[in-house]
Amino acid sequence: FDLASHSSRKERLRVLEQIDSALRHQQMELYYQPKICFRTQSVNGFEALIRWNHPQKGLMTPDKFIPEMENTDLINLLTYWVLERALIDYKDWQENGINISISINISTHNLHHYRFLNEVDRIMAKYATCSPKIELEITETDIMMENGILSKLLERGFSISIDDFGTGYSSLAYLKYLPVDIIKIDKSFIGNIVEDSSDKEIVKAVIQMGHALGKKVLAEGVETEGSLELLKEMGCDYIQGYYISRPVPKEKIYEIISLYS
Ligand code: C2E
Ligand code: CA
Ligand code: CA
């Protein structure tokens, strides 16, 4: 099951209809992956990653269905659904004594949707009493094409991370002015960081540059103890990856928090 292989328009429409129905029938679920802070040795936040519990195909990861949604209005529906679901989970954790930020992934199409800010305000207003801490992850290329919306999001108290840093196009001059808090180095630079000396140098340089610009730096895709140690030496602020934990269903976060506290 891969949307990209559904080449005919009719078939793609059918699959998009299925996604629409999945959103309405609770077949979508958020999994959470922790981000660990080197300084405090504790969980700094969780990234929400969507999964589709398909009745026939089982649990599907987003690479199977998100790309096809990107240019349709469904990606807006999906993002609003994700935001609200994350807020419900946030509130639930808060009631259990856990106050931890959640980051959600934002698509370029969302940033250009005329109703985006209105919808976000409408959803956030419902959860205002728990003062949720929500981070938005936006990829490097998308962030470069933003049109003033970032400052509006910051005014609303969201913090912003640049996702997949190193794989897109960004102008270093522009980066200086971008109101982002965290640079997430793409996992393609981290996978072989111990063996590959160019990856090592690139990551070192990004960490230094990020710090010089007053940003925090997170490394994605940390799978081994060796890479963790190296990143720590390099002064990286946060890490995320299978070495710490895979993305887990929301009930499992308690175990992770108790491991890192
Ligand atoms: P991403 O935002 O870069 O998320 C990180 C991806 O890397 C996740 O894949 C995660 O499971 C995976 N990952 C985490 N640690 C490791 C590791 O140590 N090694 C390796 N090899 N992979 C690791 P996932 O959950 O399949 O998501 C894939 C992409 O789908 C995400 O990439 C994001 O771009 C998109 N996505 C996921 N959830 C959402 C969503 O709610 N909305 C939108 N618009 N996009 C989403
Ligand atoms: Ca992300
Ligand atoms: Ca990423």
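In this predicted model, the side chain of Lys187 places an N or O atom 3.0 Å from an oxygen atom of ligand 1. Two further side chains approach the ligand. Asn105 has a polar side-chain atom 3.0 Å from an oxygen atom of ligand 1. Ser107 has a polar side-chain atom 3.1 Å from a nitrogen atom of ligand 1. On its own, ligand 1 has 800 Å² of accessible area, and the protein covers 83% of this area.

Ligand 1 occupies the largest pocket. Strand E2 (42-54), helix H3 (74-95) and strand E6 (159-165) are the elements that each give two or more residues to the shell around ligand 1. E2 provides the largest share of that shell, with 4 residues. In total, 22 residues surround the ligand. The closest are Gln33, Arg51, Lys187, Glu223 and Tyr242. By residue class, the shell holds 9 nonpolar, 6 polar and 7 charged residues.

The model also contains a calcium ion, ligand 2. Its donors are Glu47 (OE), Asn105 (OD1), Glu137 (OE) and Asp163 (OD). The coordination distances run from 2.2 to 2.3 Å. Along the sequence, the donor residues of ligand 2 follow the spacing E-x57-N-x31-E-x25-D. This site joins distant parts of the chain: Glu137 lies in strand E5 (residues 134-139) and Asp163 in strand E6, 26 residues apart. Asn105 thus appears in two settings. Its side chain has a polar atom 3.0 Å from an oxygen atom of ligand 1, and its OD1 atom coordinates the calcium ion (ligand 2).

A further calcium ion is ligand 3. Asp163 (OD), Asp164 (OD) and Glu220 (OE) coordinate this ion, with Glu220 (OE) listed twice. Here the distances span 2.2 to 2.6 Å. The donors of ligand 3 are spaced D-D-x55-E along the chain. Distant parts of the chain are linked at this site as well: Asp164 belongs to strand E6, whereas Glu220 lies in the loop between strand E8 (216-219) and helix H10 (225-233). These two residues are 56 residues apart.

The two calcium sites share a donor. Asp163 bridges ligand 2 and ligand 3. The two calcium ions lie 4.0 Å apart. Strand E6 therefore recurs across the sites: E6 gives two or more residues to the shell around ligand 1, and holds both Asp163 and Asp164.

Methods:
Residues are numbered from 1 along each chain as its sequence is written. Chains are lettered from A and ligands numbered from 1 in the order in which they are written. This is a predicted model: local features need pLDDT of at least 70, side-chain atom pairs count only at pLDDT 80 or more; totals for chains, interfaces and linings use all residues. Side-chain values use heavy atoms; hydrogens and water are left out. A residue is near a molecule or strand if one of its heavy atoms lies within 4 Å of it. A polar contact is a pair of N or O atoms within 3.5 Å; within protein, one must be able to donate a hydrogen and the other to accept it, and residues adjacent in sequence count only if both atoms are side-chain atoms. Accessible areas come from the Shrake-Rupley method with a 1.4 Å probe; for residues, only the protein chains shown count as cover. On a 1 Å grid over the protein atoms alone, a cavity is a set of points where a 1.4 Å probe fits but cannot get out, and a pocket is an open set with protein on both sides within 12 Å along at least five of seven lines; lining residues have an atom within 4 Å of a point. A molecule sits in a cavity or pocket if more than half of its atoms lie within 2 Å of its grid points. Ala, Val, Leu, Ile, Met, Phe, Trp, Tyr, Cys and Pro count as nonpolar, Asp, Glu, Lys and Arg as charged, and the others, Gly among them, as polar. Donors are N, O and S atoms within 2.8 Å of the metal (3.2 Å for Na, K and Ca); water is not among the atoms, so sites may look incomplete.
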